[in-house]
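Dear colleague,

I am handing over the structure we spoke about, with the sequence alongside. Please open it before reading further, since the notes below are easier to follow with the model on screen.

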Amino acid sequence: MHVQRLRGQYASRLHGEPQPSRPPGEQPIHVSAGGPLTFDDCGESFRLALEIFPRYFPEFKFRGFCTSSCLMDSRLDGLLSPASIIVRMQRELYLYPGLQGDNQQIYHRVFGWGVTDINSVPWTTSLQRAVGQYLNSGGHFHGGYCFILKDDFCWGSQVYRRTISHIQKETRS
Ligand SMILES: CC(C)(COP(=O)(O)OP(=O)(O)OC[C@H]1O[C@@H](n2cnc3c(N)ncnc32)[C@H](O)[C@@H]1OP(=O)(O)O)[C@@H](O)C(=O)NCCC(=O)NCCS
């Protein structure tokens with residue numbers, strides 16, 4: 001999420017311009033292209049948004065952050081190193097499956113805008129190699145949705161993973 005961008009989107013409200021429609025209580029996450037994005041910067045962006053929104057938009061009662069993105073496809077967790085920022089971000093959020101079935105967003109985001117044949121471009125990063133090999137072996141990406149509730153925010157604690165493993169442990173015993 002990029003706080004400057006969020007502020008930009010909402011700045012139109014201050015000028016009485018038409019507002020983007022979105023479900024009440026949800027704040028969109030946007031990751032600007034171009035990185036590098038560190039894990040700590042990402043947490044700091046959430047922390048700043050939690051501070052800024054109540055101050056500048058007190059009438060906006062948001063409950064949490066959400067987005068949908070090819071970067072939130074849970075398959076990436078199995079394909080990339082656990083040290084990857086994408087994987088570490090995913091693990092901080094509650095993920096659920098997306099519905100895109102044609103791999104198009106991942107083609108554009110990972111191999112370049114306009115690329116329709118991934119084998120026609122060089123694979124220079126570990127993400128490109130992992131995704132490319134997966135697609136060439138018949139794999140598909142469907143993208144993903146994610147959210148983190150404001151009250152659950154504790155960057156670095158993998159709050160939802162901890163809750164789920166706790167429930168699984170209780171169910172087993
Ligand atoms: C989010 C983002 C900044 C993360 O980049 P990062 O900090 O390098 O992430 P990771 O540590 O997980 O990267 C792991 C590897 O994948 C590569 N990688 C990351 N994003 C990549 C991309 N969009 N295309 C190609 N390779 C990418 C990295 O260079 C790294 O390669 P290496 O191991 O060979 O050095 C980056 O993916 C990006 O700019 N994405 C575009 C924006 C976007 O997709 N937004 C989603 C819409 S909400």
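What follows is a short account of what was found, going from the overall make-up to the core, a helix pair and one backbone detail.

Please keep in mind throughout that this is a predicted model. The secondary structure of the protein comprises seven helices and four strands, and, read from the N terminus, these elements follow the order α-β-α-β-α-α-β-α-α-β-α. The protein has 173 residues, of which 16% count as buried. Among contacts with a separation of 6 or more, 76% are between residues that lie 24 or more positions apart.

The largest nonpolar core holds 17 residues, and within this core Ile106 and Val110 are the ones that touch the most other members. Two or more residues are given to this core by each of strand 2 (64-69), helix 5 (104-111) and strand 4 (144-149), with helix 5 supplying the largest share, namely four residues. If you colour the model by domain, you can see that this core takes at least three residues from domain 1 (3-100 + 143-167) and at least three from domain 2 (102-141). As for Ile106 itself, once residues up to four places away in sequence are set aside, Ile106 touches Cys70, Val131 and Phe141.

Ile106 also leads to the helix pair, where the axes of helix 5 and helix 6 (residues 126-136) come within 10 Å and cross at roughly 150 degrees. Because angles over 145 degrees count as roughly antiparallel, helix 5 and helix 6 are therefore roughly antiparallel to each other, and their crossing is left-handed. On the side of helix 5 the contact is made by Ile106, Val110 and Phe111, while helix 6 contributes Leu127, Gln128 and Val131. Ile106 and Val110 thus appear both in this contact and as the core residues that touch the most other members.

The last point concerns the backbone at Gln158, which is not a glycine and yet has a positive phi of about 50 degrees. Gln158 sits in the loop between strand 4 and helix 7 (159-172). Is Gln158 buried or exposed? Gln158 is partly exposed, because 16 other C-beta atoms lie within 10 Å, a count that falls between the limits of 12 or fewer for exposed and 20 or more for buried.

With best wishes

Technical notes:
Residues numbered from 1 in each chain as written. Predicted model: local features only at pLDDT ≥ 70, side-chain atom pairs only at ≥ 80, totals over all residues. Core = buried A, V, L, I, M, F, W, Y, C linked by C-beta atoms within 7 Å. Domains from an automatic or database assignment. Contact = placed C-beta atoms within 7 Å. Axes fitted to C-alpha atoms, helices over the stretch in contact; angles between N-to-C directions. Parallel < 35°, antiparallel > 145°, perpendicular 65-115°, else oblique. Left-handed = near helix turned anticlockwise from the far one by under 90°.
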